[in-house]
Amino acid sequence: MAKKLVHDKILFTAFFVLVAVGLTMVYSASAALARAGNQGPNSFLIKQSLAAGVGALSMFMMMHLDYRLLRRPGVVNGLLGGVIGLLVFVLFGPELNNTHRWFFVGGISVQPAELAKLALIPFVAYQIERQQRRVRQRELLIPCGLAVGIMAALILLQPDLGTALLLGATVFMLLFLAGLRWKYIVGATLAALPALYLLIGTVPYRRARLLAFLDPEKDPLGSGYQAHQSLIAVGSGGVWGLGLGESLQKLHFLPHPHSDF
């Protein structure tokens with residue numbers, strides 16, 4: 001065993017490079033929007049930089065935390081139970097954009113669905129380590145299935161289909177890497193297809209979003225507007241873009257250019 005704890009320098013460097021590039025892109029995309037709202041051109045950049053600072057501080061703290069704490073049932077189950085409690089609590093919180101995804105603490109927005117990822121992965125990893133060579137046994141699959149099922153159901157009530165699907169895919173990937181056979185994954189996927197069809201095909205706004213993604217030209221000024229403007233933004237810049245700060249679609253053509261677009 002190593003006598004001294006050594007951090008992964010490549011991963012550490014990649015973190016700071018990605019954060020720096022992300023902050024640069026947020027500023028480039030948001031300056032015009034912030035200036036139009038009389039917030040100052042740096043308002044979104046300042047907010048994102050503060051969030052990045054909190055993230056970096058959290059990372060430094062976790063780097064010096066003994067990972068073997070995640071082997072303790074009390075810690076793992078406590079994280080899972082706490083996040084499930086937050087997922088229930090947020091459903092009774094204020095509505096924002098017709099959803100119940102956030103609650104606010106001291107002016108800071110908290111999205112429990114994001115915390116669900118941080119709680120579910122250690123829980124599944126703990127279950128895998130307990131069973132190890134019995135990856136296909138019910139003692140492993142049942143608790144993992146219940147955990148992701150409860151979380152996904154609560155997230156769907158917000159509603160947030162994308163995050164719920166991401167949680168399910170993450171658990172399947174962890175189990176697959178641990179040795180779960182393909183037939184279990186394929187079987188579960190086929191069994192989930194009818195439910196997925198109901199969640200998308202019977203909900204008008206989800207169905208419209210999918211159709212707009214497949215053919216944004218069909219309604220370029222309505223449901224396909226965001227996707228259509230996105231294609232113009234990417235197409236006008238090509239592979240290398242127009243240059244830092246030179247893009248045009250952010251000038252009130254592309255809705256919310258600074259967000260997850």
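## Close-up views

**View 1. Helix 9, residues 225–237, covers 19 Å from its first C-alpha to its last with its 13 residues, close to the 18 Å expected at 1.5 Å a residue.** The expected span is 1.5 Å times one less than the number of residues in the helix. Here, helices (H or I, at least four residues) and strands (E, at least two) are DSSP runs, numbered from the N terminus. This is a predicted model, in which local features need pLDDT of at least 70 and side-chain atom pairs count only at pLDDT 80 or more, while totals for chains, interfaces and linings use all residues. Residues are numbered from 1 along each chain as its sequence is written, and side-chain values use heavy atoms, with hydrogens and water left out. Look in helix 9 for H228, Q229, S230 and G237, which are buried (under 20% relative accessible area; exposed is over 50% and partly exposed is in between, with a 1.4 Å probe and protein chains only). Just after helix 9 comes G238, with a positive phi near 70 degrees.

**View 2. The whole protein has nine helices and two strands.** Follow the chain and you will meet them in the pattern α-α-α-β-β-α-α-α-α-α-α. The C-alpha trace spans about 55 × 50 × 40 Å along its principal axes. Of the 261 residues, 25% are buried. Among contacts (heavy atoms within 4.5 Å) with a separation of 6 or more, 59% join residues 24 or more positions apart.

**View 3. Helix 5 (residues 138–156) packs with helix 6 (residues 161–177) at an angle of about 165 degrees.** Their axes are 8 Å apart; these axes are lines fitted to C-alpha atoms, for helices over the stretch in contact, and angles run from 0 to 180 degrees between N-to-C directions. The angle makes helix 5 roughly antiparallel to helix 6 (over 145 degrees; under 35 is roughly parallel, 65 to 115 roughly perpendicular and the rest oblique). From helix 5, residues including L140, C144, V148 and M151 meet helix 6 residues, among them L161, A164, L167 and V171. By class, this contact has 13 nonpolar, two polar and no charged residues. Ala, Val, Leu, Ile, Met, Phe, Trp, Tyr, Cys and Pro count as nonpolar, Asp, Glu, Lys and Arg as charged, and the others, Gly among them, as polar.

**View 4. Helix 4 (residues 112–131) and helix 5 pack at about 175 degrees, with axes 9 Å apart.** That angle makes helix 4 roughly antiparallel to helix 5. Helix 4 residues such as A116, L120, F123 and V124 take part, meeting helix 5 residues that include P143, A147, M151 and I155. This contact of helix 4 with helix 5 has 14 nonpolar, two polar and one charged residues.

**View 5. I155 lies in helix 5.** Is I155 buried or exposed? I155 is buried, because its relative accessible area is 0%. Beyond its neighbours within four places in sequence, I155 is in contact with L87, A113, A116, D160, T163, A164 and L167. L167 is 12 residues away from I155 along the chain, and their C-alpha atoms are separated by 9.9 Å.

**View 6. R71 sits in the loop between helix 2 (43–63) and helix 3 (73–90).** R71 is partly exposed, because its relative accessible area is 42%. Leaving aside neighbours within four places in sequence, R71 is in contact with Y126 and E129. Between the C-alpha atoms of R71 and L167, which are 96 residues apart along the chain, there are 21 Å.
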